[in-house]
Amino acid sequence: MRHVVIVGQGPSGLLAADWLSALGAAVTIVAASEGSLALWSGSFDFRNYDQDGSMVTDPWQWWAEPSHRTFAQAWELSDWKRWWTALLRSFKDIGLIVDLTLPRENRWIVAPTGRLRPTFWCPPWQWTLSSSEPNEPVTLVDVGSLLDTPINWLKARTRNESAWLTETVALRRPDAWRRHWSGLAWAAFLDQPAGADWLITESIQAREHMRLSGALVFPQVLGVATTERLIQRISDAVDRPVFEYALMPPAVGGIRIRERWRKSLKSRGVLFRPGHVVEVTDSGVRLGESAGRIAADEVVIATGGMVGGGLALNHEGILTNTATGERGFFSGELNALTSVGVGNRRSHGYVVGRMVGGSDPDRHGDGGAMNVWSVATAVQAIMGERAVNSWLSTREEGPG
Amino acid sequence: MRVVVVGAGATGLGIAWDLSLRGIKVTVVEQGDIAQGTSGRFHGLLHSGARYAVRDPKAARECFEENKILRKIAVGSIEPTGGYFVEPEASNSAYSQQWVQAMNRLGITMRETSLGELRLRVPELHPKIQRAYWVPDGVINGFELLFRMRQGIEMQGGTVRLFTRVSGVKVEPLGRVEGVEVQSRQGGTEWIACDGLINAAGPYASEVAKLFSHPFPMRLSRGVMLVFAERKVSAVINRLAPPGDGDILVPHHRISIWGTSDEETSDPEAGPPSIEESRRLLSLARDLFPEMHQWRVLRAFSGVRPLYQAETSMDSRHVTRDFTIIDHAQMGGPEAVVSVVGGKWVTYRLMAEKAVDAMVAKLGITATCKTEDVLLPPLGESRLELRRDRVNLCECEEVSGEEVAAWPEASLGQLRTRTWFSMGPCQGTFCLHRVAETRIADGDVKTLDSEVMSLRRERDRGMAAALWGDNARQWALSRSIRSQVLAEVESE
Ligand SMILES: Cc1cc2nc3c(=O)[nH]c(=O)nc-3n(C[C@H](O)[C@H](O)[C@H](O)COP(=O)(O)OP(=O)(O)OC[C@H]3O[C@@H](n4cnc5c(N)ncnc54)[C@H](O)[C@@H]3O)c2cc1C
Ligand SMILES: Cc1cc2nc3c(=O)[nH]c(=O)nc-3n(C[C@H](O)[C@H](O)[C@H](O)COP(=O)(O)OP(=O)(O)OC[C@H]3O[C@@H](n4cnc5c(N)ncnc54)[C@H](O)[C@@H]3O)c2cc1C
């Protein structure tokens with residue numbers, strides 16, 4: 001069995017582990033610390049903004065235009081279709097409630113300051129809007145003193161937009177509540193039976209004050225482990241759809257996905273090891289602080305670029321790949337030093353995720369696509385195209 | 001009787017406070033915010049005078065005297081840390097001897113410190129320091145002191161007009177100043193009548209002088225400073241050498257500021273430093289703080305020194321730090337108009353005293369200066385008094401909602417200098433939108449959005465100018481959160 005070491009446990013590392021282990025590789029994940037899933041709500045972006053910053057409505061159409069492609073030059077829409085479906089299957093396998101039909105267009109989500117932002121695929125609990133000029137009525141839930149909720153921003157933003165009906169209902173605080181409760185503390189409370197019961201009672205109370213008949217939208221605090229059950233219970237109690245809007249990091253939504261993914265991968269035999277990789281060789285990786293080596297047939301570098309700690313910049317402008325030790329001079333482009341070895345293995349393994357050059361999720365909103373494309377490319381190179389194709393077709397045909 | 005003062009920096013507010021205490025009505029006109037000029041972009045050092053002892057004895061003497069006065073009248077806004085002058089390995093001991101002689105001649109307090117004691121007190125210093133002297137340096141909390149002055153002026157019935165620019169000066173036929181034309185941000189113009197005008201526009205002083213007479217020769221000098229996240233030293237550290245670039249570290253609040261540089265410029269606007277300027281400044285620290293490149297850097301910023309020199313042949317490091325009072329009537333300009341240029345933050349009170357002395361003589365009244373003995377009224381709200389179970393909006397600097405609410409009129413930019421929010425390691429990444437939210441009820445979202453974006457840009461520029469180590473990673477994280485979580489996408 002081929003042994004692959006994946007450096008990094010962010011979304012690209014977890015995705016690589018998922019697909020490689022499904023294809024029969026033995027996988028070890030080595031990571032220095034958390035990946036970025038704890039920072040964001042888990043919405044996967046395809047392409048959100050055009051070069052000039054304007055919003056993209058139809059990412060399929062955007063990618064269909066060859067001159068647009070910053071990366072994934074050789075990918076046709078059918079490739080995107082196959083691999084996005086593979087991603088959704090993986091999410092289904094780890095226990096999310098996922099509709100396998102791919103979105104046709106971007107939808108919009110609400111940021112913690114009430115701005116609207118396009119995105120491609122969202123986890124089922126995420127509140128989304130079908131246009132950037134929304135008109136669906138919505139009832140927002142205010143749990144009180146929770147920092148980073150967009151309620152006040154939304155109210156102010158929609159004050160003069162009579163087309164969008166929003167209302168707010170406030171819940172009375174639970175006895176256990178403390179002033180410093182963050183989103184995560186709320187989620188931990190609601191995961192407990194007592195917390196869940198309180199929530200249902202309060203939601204029924206709040207229903208009396210709801211004048212609109214649209215969705216009921218909570219801040220993203222509806223538990224980490226019990227979310228779907230909670231949402232179902234509230235929805236039954238108030239008789240309308242229930243969703244959440246995302247908050248600032250730490251992001252409960254991303255943490256839910258991370259927790260389920262790790263658990264599922266572990267059950268499939270993927271090993272997780274803490275460690276800081278400082279060198280990648282033909283025979284594996286070497287860990288810092290004399291923590292030894294891990295032998296591997298192949299190495300995947302999913303170290304997250306500057307944000308993830310895979311790149312370090314020093315005071316002289318020297319940029320270092322922290323896992324391979326490679327150095328280069330910082331040209332002002334954070335993508336420098338990253339486009340080494342996507343797909344084709346060079347001397348330093350396959351590079352995936354945010355380490356890949358050619359994409360800028362911050363400006364373009366293409367982070368999810370970058371993860372899917374780079375991981376798929378590395379998986380094909382490691383496992384061989386034939387094996388990958390037959391695996392993909394069983395996934396497409398198999399029962400949902 | 002009314003005097004208009006141009007500029008709400010240390011000098012202008014110092015003048016207005018002095019005038020107020022002498023019973024003269026005053027209106028201060030400031031084009032931006034308090035602390036927006038050089039007085040909010042300085043090193044924070046309460047000089048003991050030691051730095052100028054050899055080259056500039058008059059300025060040194062003035063610093064020493066004013067240092068003692070400020071400790072009294074601005075108690076609470078001055079941190080009496082003390083300071084050391086340290087001689088790095090392989091430096092010229094001849095200068096040290098000269099310096100010791102000059103210090104003795106001037107009578108500036110000084111005491112040689114054993115290297116053992118120095119190492120204990122300042123373990124971050126280079127192990128091969130050869131000699132060290134203690135001097136009564138200190139640290140000025142510039143923002144707070146400016147707000148105290150403003151409060152004092154208003155308590156005495158004076159007026160401070162922010163975001164209002166002096167755009168014209170009206171002179172009566174006999175040659176006396178009659179009033180000034182001012183423009184608000186929104187574009188409106190109005191006249192303010194006055195019997196005297198004092199120009200304390202710092203680096204813009206010459207520009208302001210053009211409104212009523214010939215410009216005068218200034219020697220503007222730009223300086224860059226680096227901010228580190230921790231309080232690395234307990235006292236000010238100066239290199240014992242002729243004043244040069246990169247030779248002072250000032251502990252300030254919870255941070256440390258390393259500086260500075262001195263580069264002649266013609267632009268009164270400081271502009272953001274470049275990464276090259278920051279790297280150069282950092283490289284100068286080697287013989288004092290060999291590990292500085294590993295310290296957690298936060299940002300870089302710059303300021304412009306409003307120096308003045310009639311002669312033009314010197315480079316700006318050699319231009320005196322002493323100040324000059326210009327009586328424009330003597331130069332063929334209008335009567336009862338005085339400009340103040342040069343000097344230091346530490347000497348603002350003395351500069352104000354001399355400028356107001358000149359003004360009262362012009363106005364034909366007798367009123368003596370009181371600022372040496374009157375305590376500047378402390379600010380009502382103290383950071384330390386606030387409740388302990390509070391929820392902090394800004395976690396780095398521990399700024400609560402109550403503190404923010406104490407400044408109901410302030411814009412987000414003003415709140416930063418008043419509460420210190422967004423000044424810590426995250427540079428506003430996790431708190432700016434929270435603080436902004438407290439302003440939603442009364443503000444309209446467009447104004448708030450634009451205030452948020454302008455503060456983001458300001459923080460971002462400072463971080464980008466010191467892009468290395470953990471700060472580089474924080475900068476990248478901040479960029480991701482701003483665009484991918486908060487959807488603050490700006491088209492480029
Ligand atoms: C704030 C934020 C919001 C985002 N929002 C969205 C969104 O809404 N939609 C979307 O599609 N994408 C979003 N993204 C995702 C982003 O665009 C990237 O796709 C994603 O961060 C890339 O993940 P990654 O797995 O490549 O790296 P990361 O998640 O950063 O993981 C890097 C991993 O590598 C480890 N590591 C680094 N160096 C070493 C080393 N030398 N040795 C061992 N381990 C190492 C780290 O500890 C970590 O575990 C967001 C990202 C951030 C930061
Ligand atoms: C890098 C650097 C480090 C320094 N470090 C120290 C130090 O450690 N210790 C020390 O004592 N001194 C230090 N100084 C010197 C000190 O900061 C300055 O001497 C002092 O702040 C000057 O104050 P000011 O009030 O004269 O000028 P400013 O603070 O610049 O005030 C002038 C004001 O006038 C306003 N203005 C200009 N034109 C108009 C107009 N037309 N209408 C209305 N308003 C107008 C400006 O907006 C500005 O706010 C340093 C200076 C620099 C540049």
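How many nonpolar, polar and charged residues does the shell around ligand 2 have? In this predicted model, the shell has 15 nonpolar, 16 polar and 4 charged residues. That shell is a good place to start, and the description below moves from ligand 2 to ligand 1, then to the domains of each chain and a few details of the backbone.

Ligand 2 is surrounded by 35 residues, and the closest of them are B:Thr11, B:Glu30, B:Ser39, B:Leu45 and B:Val346. B:Thr11 also appears among the polar contacts: an N or O atom in its side chain sits 2.7 Å from an oxygen atom of ligand 2. The side chain of B:Gln31 likewise places an N or O atom 3.0 Å from an oxygen atom of ligand 2. With B:Val166 the backbone takes part, one of its N or O atoms being 2.9 Å from a nitrogen atom of the ligand. On its own, ligand 2 would expose 1,000 Å², and the protein buries 97% of that area.

Several secondary-structure elements of chain B build this site. Helix 1 (10-21), strand 10 (164-171), strand 14 (218-228) and strand 19 (297-308) each contribute at least two residues to the shell around ligand 2. Seen by domain, the shell takes at least three residues from domain 1 and at least three from domain 2 of chain B.

Ligand 1 offers a second site, and its setting involves two chains: the ligand lies between chains A and B. Around ligand 1 there are 41 residues, with A:Ser12, A:Ser33, A:Ser36, A:Ser43 and A:Arg354 coming nearest. By class, these 41 residues divide into 15 nonpolar, 22 polar and 4 charged. One of the nearest residues, A:Ser43, has a polar backbone atom 2.5 Å from a nitrogen atom of ligand 1. A nitrogen atom of the ligand is also 3.0 Å from a polar side-chain atom of A:Thr322. For A:Gly368, a backbone N or O atom is found 3.1 Å from an oxygen atom of ligand 1. Taken alone, ligand 1 exposes 990 Å², of which the protein buries 98%.

The position of ligand 1 between the chains is reflected in the elements that line the site. Chain A provides helix 1 (11-22), helix 9 (305-308) and helix 11 (367-383), while chain B provides helix 13 (469-485), and each of these helices supplies at least two residues of the shell.

Turning to the overall layout, chain A is divided into domain 1 (3-97 + 255-397) and domain 2 (127-245). Their centres, taken over C-alpha atoms, are 34 Å apart. Where these two domains of chain A meet, 9 residues of domain 1 are in contact with 11 residues of domain 2.

Chain B is divided into three parts, namely domain 1 (2-37 + 143-217 + 321-363), domain 2 (77-137 + 219-301) and domain 3 (392-485). The C-alpha centres of domain 1 and domain 2 of chain B are separated by 33 Å, and 7 residues of domain 1 are in contact with 6 residues of domain 2. These are the two domains that each give at least three residues to the shell around ligand 2.

A few backbone details may be handy when the model is prepared for inspection. In chain A, the peptide bond from A:Pro249 to A:Pro250 is cis, with omega near -5°. A:Pro250 belongs to the loop between strand 8 (242-245) and helix 8 (252-267). A cis peptide bond also occurs in chain B, from B:Gly259 to B:Thr260, with omega near -10°; B:Thr260 is in the loop between strand 17 (255-259) and strand 18 (263-264). A:Asp239 has phi near 60°, a positive value in a residue other than glycine, and this residue is located in the loop between helix 7 (227-238) and strand 8 of chain A.

As for confidence, the predictor assigns the complex an ipTM of 0.95 and a pTM of 0.91. Chain B has a mean pLDDT of 92, with 95% of its residues at 70 or more. One stretch of chain B calls for care: over residues 382-387 pLDDT stays under 50, and the model has 14 contacts beyond four places in sequence for this stretch. Where pLDDT is low, predicted coordinates should not be read in detail.

Conventions
Residues are numbered from 1 along each chain as its sequence is written. Chains are lettered from A and ligands numbered from 1 in the order in which they are written. This is a predicted model: local features need pLDDT of at least 70, side-chain atom pairs count only at pLDDT 80 or more; totals for chains, interfaces and linings use all residues. Side-chain values use heavy atoms; hydrogens and water are left out. A residue is near a molecule or strand if one of its heavy atoms lies within 4 Å of it. A polar contact is a pair of N or O atoms within 3.5 Å; within protein, one must be able to donate a hydrogen and the other to accept it, and residues adjacent in sequence count only if both atoms are side-chain atoms. Accessible areas come from the Shrake-Rupley method with a 1.4 Å probe; for residues, only the protein chains shown count as cover. Helices (H or I, at least four residues) and strands (E, at least two) are DSSP runs, numbered from the N terminus. Ala, Val, Leu, Ile, Met, Phe, Trp, Tyr, Cys and Pro count as nonpolar, Asp, Glu, Lys and Arg as charged, and the others, Gly among them, as polar. Domain bounds come from an automatic or database domain assignment. pLDDT is the predictor's confidence in each residue, from 0 to 100. Contact means heavy atoms within 4.5 Å.
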